[in-house]
Amino acid sequence: MASRWTDSPQRYGLVTRLLHWSMAALFAWQFLGMGVKLLLGRHAVTAFFVGTHKPVGTLLMLLILLRGAWGLSQWRNRPPHPPTLVGRLAVAGHAVLYALMFYVPAVALLREYGSGRGFAPWGIPLFPATGEQVAWMLAPANLSHGVLAWTLLALVAGHVAMVAVHQWWWRDATLARMSGRL
Ligand code: HEM
Ligand code: HEM
């Protein structure tokens, strides 16, 4: 049964919306920080953002796991996408967003584990300091964490552009069902 917490075919419920918008804000924080790092290089502002990058990224890892599980539990209630080309592309696009939202922090955490230096985001001891580096655990993040994170940002830009098309060109309820106006 649909309550205001759960999804319905007309709109996304409170839990889905809370996850979507809080995670969008945290992703924006991550990209802003790394953008500042690219622009300013070594700088006090960069140091501030870099200091928050790993804990915020770890929080995002937890949130994406919760969001994936919640999404599966709501799968059959969610607003359906039409079986047209645009509808199918939307579903495929969301699937790629999920894949990257999972992969990007997951390989970074694997690298933290493999570094052997120990890792305690938000002061919570997650990985112990073993003093031993494990090369295969470092390689995936060294090769792909940054580049796939920027790829995720490019996809998010496309996602937001499509929302704008829905809102101002097609004038349908796509944004309203995620913003809470429905
Ligand atoms: C899910 C959220 C995350 C996003 C969107 C994200 C995004 C990024 C971006 C855009 C860069 C800059 C790449 C460049 O210099 O061009 C970066 C670098 C970095 N990130 Fe993340 N990150 C996330 C999670 C994490 C986590 C969980 C950790 C570690 C616990 C981490 C550790 C690092 C490190 C060490 C670098 C610098 C080295 C490198 O580029 O691989 N990140 N991240
Ligand atoms: C200003 C930024 C954003 C806007 C305006 C926005 C808007 C929307 C809207 C209107 C929907 C519903 C689309 C539908 O029902 O087909 C949606 C769904 C979705 N959005 Fe966003 N979004 C934003 C940022 C993001 C970011 C940063 C991510 C991921 C990194 C993201 C990932 C998703 C995903 C995966 C869905 C599918 C529903 C779900 O499982 O949560 N969005 N978004």
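**Exercise 1. Place Trp 122 in the chain and decide whether its surroundings leave it buried or exposed.**

Let's start with the location: Trp 122 sits in the loop that links helix 3 and helix 4. Keep in mind as you work that this is a predicted model.

Step two is the accessibility. Trp 122 has a relative accessibility of 54%. The cut-off for exposed is over 50%, so Trp 122 counts as exposed.

Step three is the backbone. Most residues other than glycine have a negative phi. Trp 122 is not a glycine, yet its phi is positive, at about 55°.

**Exercise 2. Repeat the analysis for Arg 171: which loop holds Arg 171, and what is its phi?**

First, find the loop: Arg 171 lies between helix 4 and helix 5. Next, read the angle: Arg 171 has a positive phi of about 50°, although it is not a glycine. Finally, check the surface: the relative accessible area of Arg 171 is 66%, so this residue is exposed.

**Exercise 3. Now try Asp 7: is it buried or exposed, and which side chain does its own side chain contact?**

Begin by locating Asp 7, which belongs to the segment before helix 1. Then look at its relative accessible area, which is 0%. Buried means under 20%, so Asp 7 is buried. Last, look for a partner: the side chain of Asp 7 makes a polar contact of 2.7 Å with the side chain of Thr 16.

**Exercise 4. Describe the protein chain as a whole: how many helices and strands does it have?**

Count the elements first: the chain has five helices and zero strands. Written from the N terminus, the order is α-α-α-α-α. For the dimensions, the C-alpha trace spans about 55 × 35 × 30 Å along its principal axes. Then turn to burial: of the 182 residues, 35% are buried. To finish, take the contacts between residues at least 6 apart in sequence: 65% of them join residues at least 24 apart.

**Exercise 5. Explore the site of ligand 2: which residues come nearest?**

Step one: 20 residues surround ligand 2, and the nearest are Tyr 12, His 20, His 81, Tyr 98 and His 159.

Step two: sort the shell by class, which gives twelve nonpolar, five polar and three charged residues.

Step three: find the polar atom pairs.
- The side chain of Tyr 12 has an N or O atom 2.6 Å from an oxygen atom of ligand 2.
- For Arg 78, a polar side-chain atom is 3.0 Å from an oxygen atom of ligand 2.
- His 159 has a side-chain N or O atom 2.8 Å from a nitrogen atom of ligand 2.

Step four: identify the space. Ligand 2 takes up the largest pocket. Helix 1, helix 3, helix 4 and helix 5 each give two or more residues to the shell around ligand 2.

Terms used
Residues are numbered from 1 along each chain as its sequence is written. Chains are lettered from A and ligands numbered from 1 in the order in which they are written. This is a predicted model: local features need pLDDT of at least 70, side-chain atom pairs count only at pLDDT 80 or more; totals for chains, interfaces and linings use all residues. Side-chain values use heavy atoms; hydrogens and water are left out. A residue is near a molecule or strand if one of its heavy atoms lies within 4 Å of it. A polar contact is a pair of N or O atoms within 3.5 Å; within protein, one must be able to donate a hydrogen and the other to accept it, and residues adjacent in sequence count only if both atoms are side-chain atoms. On a 1 Å grid over the protein atoms alone, a cavity is a set of points where a 1.4 Å probe fits but cannot get out, and a pocket is an open set with protein on both sides within 12 Å along at least five of seven lines; lining residues have an atom within 4 Å of a point. A molecule sits in a cavity or pocket if more than half of its atoms lie within 2 Å of its grid points. Helices (H or I, at least four residues) and strands (E, at least two) are DSSP runs, numbered from the N terminus. Ala, Val, Leu, Ile, Met, Phe, Trp, Tyr, Cys and Pro count as nonpolar, Asp, Glu, Lys and Arg as charged, and the others, Gly among them, as polar. Buried means under 20% relative accessible area, exposed over 50%, partly exposed in between (1.4 Å probe, protein chains only). Contact means heavy atoms within 4.5 Å.
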